[in-house]
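Student: Could you take me through one part of this model up close? I would like to begin with a single pair of residues and work outwards from there.

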Amino acid sequence: MYKMILVDDDEFIIKSMIKHIDWSKLDIEIIATASTGVKGLQKIFELNPDIVVADIDMPDMTGLEMVSEINKSEFSPKIVLLTGYDDFSFAQKAISLGVCEYVTKPVMPNDIISIMQGVVNQCKVKNLEETKIQEAKDLVNDSMPIFLEKFIEELTNGFIVDDDEFQKRCNFLSIDLNNMNYWTFIVNINNYNDFNKNHDELQKCIIKQTIISIISSNIENDKIHCYNINFKDKQTAFLIAQPKTITERISIPNMEEIIKNYKMKYNVLLSIGVGSLVSDYKKIKLSYTQATECLKFLFSQNSGKILFYEDIVNTQIINPSELYDRNGLIDSLKMRNIPAVETIIMDMIENIKSQKNLNSEYIKTITQEMLSV
């Protein structure tokens with residue numbers, strides 16, 4: 001039922017309205033009455049009614065003054081004003097204050113019933129609107145992780161370059177990315193085909209989510225913020241924001257142990273490409289591109305390692321198959337043709353020597369790929 005308060009300095013009016021109208025049939029419950037505007041205002045603020053019926057001409061505070069005070073508050077009941085004066089200026093003022101009905105006395109019970117039926121309908125519309133607004137707010141709040149992920153993805157792709165847009169999005173998401181240094185890294189499932197074959201959909205979702213959760217919890221603290229873009233097939237990306245006072249990229253705690261654990265427990269082989277530290281949110285894309293470049297060195301799905309852009313920058317990327325006869329090595333091993341194996345290895349060494357800009361990290365990757373044969 002809709003809660004209503006009656007406010008009138010004429011006790012006879014209040015008693016008559018209570019006695020001669022079946023309020024329950026109107027889906028209304030009278031929860032309080034008051035004989036002055038001040039007392040009425042106190043009751044309204046205390047009980048938060050849906051409807052207020054009040055006289056205009058009352059001692060210490062008029063009905064219009066009472067409505068004006070209500071409008072300044074957090075409360076918004078539907079208000080019906082009664083008056084014994086047929087004065088158009090009162091009606092104008094009532095309309096300007098948002099009063100839903102303005103009634104001149106005397107008024108018959110049937111007229112009150114008709115008026116209150118309309119007020120109840122307004123209450124129903126108001127409640128429905130408030131319900132829908134709250135549902136929309138709840139939906140937005142529930143979707144905040146999706147909005148955040150979308151924002152981080154747009155940053156890593158370089159889609160946000162306007163400072164005002166950047167700040168508006170941060171404010172909307174209630175995050176502070178100002179005055180930070182940033183860097184990114186990408187986690188790659190190397191043996192993704194085997195991963196798909198060996199696990200059902202639920203297991204895959206659980207494993208992927210635990211990878212994200214464990215890595216995030218190892219990095220996130222009061223000063224360091226870790227944001228994630230969920231797995232797209234075999235890769236998931238992270239954006240790290242750290243204070244300007246921390247001028248070096250922080251380490252990823254326990255990462256080697258995490259890689260080892262997933263290999264032993266789930267036979268999931270992880271590698272990580274890490275981009276460099278940047279001082280401007282507009283350069284996050286650069287760090288993300290660098291992390292992507294690191295993963296181009298993963299020629300063997302059996303490797304599980306952390307690759308830093310600083311270690312591979314200016315390194316020439318050559319597929320190991322261009323450096324040695326992989327199929328020939330396989331055949332020679334099957335035939336146990338040791339001289340042929342030695343020849344292939346020596347040829348590979350000579351080919352590596354002839355290349356420019358191959359650093360030690362890349363040579364390790366090539367050697368691992370060869371040993372995986």
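Tutor: Happy to. Let's start with M180, which stands opposite P243 in strand 8. Please keep in mind as we go that this is a predicted model.

That pair belongs to a longer run of partners: strand 6 and strand 8 pair in the antiparallel sense over 9 bridges. Strand 8 has another neighbour too, since strand 7 and strand 8 are also antiparallel, joined by 6 bridges. If you want a residue pair to click on for this second pairing, take C226, whose bridge partner in strand 8 is I240. In general, strands of a sheet pair through backbone hydrogen bonds, either parallel or antiparallel.

Now follow the chain between strand 7 and strand 8. The two form a hairpin with 2 residues between the strands, and there D233 takes a positive phi near 60°. As background, most residues other than glycine have a negative phi.

How well covered is strand 8? Of its 9 residues, 8 are buried, so to speak of strand 8 as mostly covered is fair. As a rule, side chains in a regular strand alternate between the two faces of the sheet. With that in mind, let's look at the nonpolar cores.

The largest nonpolar core has 26 residues, and F185 and I215 are those with the most contacts inside it. Several elements each supply at least two residues to this core, among them strand 6 (180-189), strand 7 (225-232), strand 8 (235-243) and helix 10 (255-266). Helix 9 gives the most, with 5 residues. A second, separate core of 22 residues includes F166, L177, A237 and L239. A237 and L239 fall within the 235-243 span of strand 8.

Let's return to I215 and list its neighbours. Leaving aside residues up to four places away in sequence, I215 touches F185, V187, F238, M255 and I258. F185 and V187 lie within the span of strand 6, F238 within that of strand 8, and M255 and I258 within that of helix 10.

There is also a link from strand 7 and its hairpin to a helix. E153 is found in helix 6, and beyond its close sequence neighbours it touches I229 and K232. Both of those contacts are within strand 7. E153 has a relative accessibility of 22%, so it counts as partly exposed; the cut-off for buried is under 20%. For a sense of distance, the C-alpha atoms of E153 and H20 are 66 Å from each other, with their positions 133 residues apart along the chain.

Helix 6 in turn leads us back to helix 5. The axes of helix 5 (residues 109-142) and helix 6 (residues 144-156) come within 4 Å and cross at roughly 50°, so the two helices are oblique to each other. Their contact brings V140, N141 and D142 of helix 5 against M144, P145 and F147 of helix 6. By class, that contact has 4 nonpolar, 1 polar and 1 charged residues.

Just before helix 5 there is a detail you may enjoy checking yourself: the peptide bond from K105 to P106 is cis, with omega near -5°. P106 lies in the loop between strand 5 and helix 5.

Strand 5 brings us to another sheet, which makes a nice contrast with the antiparallel pairs where we began. Here 5 strands form an open sheet in the order 2-1-3-4-5, with parallel pairing. Strand 2 (28-34) and strand 5 (101-104) stand at the edges with a single partner strand each, so one side of each has no neighbour in the sheet. From one strand to the next, the twist averages 20°. Strand 1 (residues 2-7) is joined to strand 2 by 6 bridges, and Y2 has I28 as its bridge partner in strand 2. Lying across strand 1, strand 2, strand 3 (51-55) and strand 4 (78-83) is helix 1 (residues 11-20), which runs at about 165° to strand 2.

Key. Residues are numbered from 1 along each chain as its sequence is written. This is a predicted model: local features need pLDDT of at least 70, side-chain atom pairs count only at pLDDT 80 or more; totals for chains, interfaces and linings use all residues. Side-chain values use heavy atoms; hydrogens and water are left out. Axes are lines fitted to C-alpha atoms, for helices over the stretch in contact, and angles run from 0 to 180 degrees between N-to-C directions. Angles under 35 degrees count as roughly parallel, over 145 as roughly antiparallel, 65 to 115 as roughly perpendicular and the rest as oblique. Contact means heavy atoms within 4.5 Å. Ala, Val, Leu, Ile, Met, Phe, Trp, Tyr, Cys and Pro count as nonpolar, Asp, Glu, Lys and Arg as charged, and the others, Gly among them, as polar. A nonpolar core is a set of buried Ala, Val, Leu, Ile, Met, Phe, Trp, Tyr and Cys residues joined through side-chain atoms within 4.5 Å. Buried means under 20% relative accessible area, exposed over 50%, partly exposed in between (1.4 Å probe, protein chains only). Two strands pair if DSSP finds at least two bridges between them.
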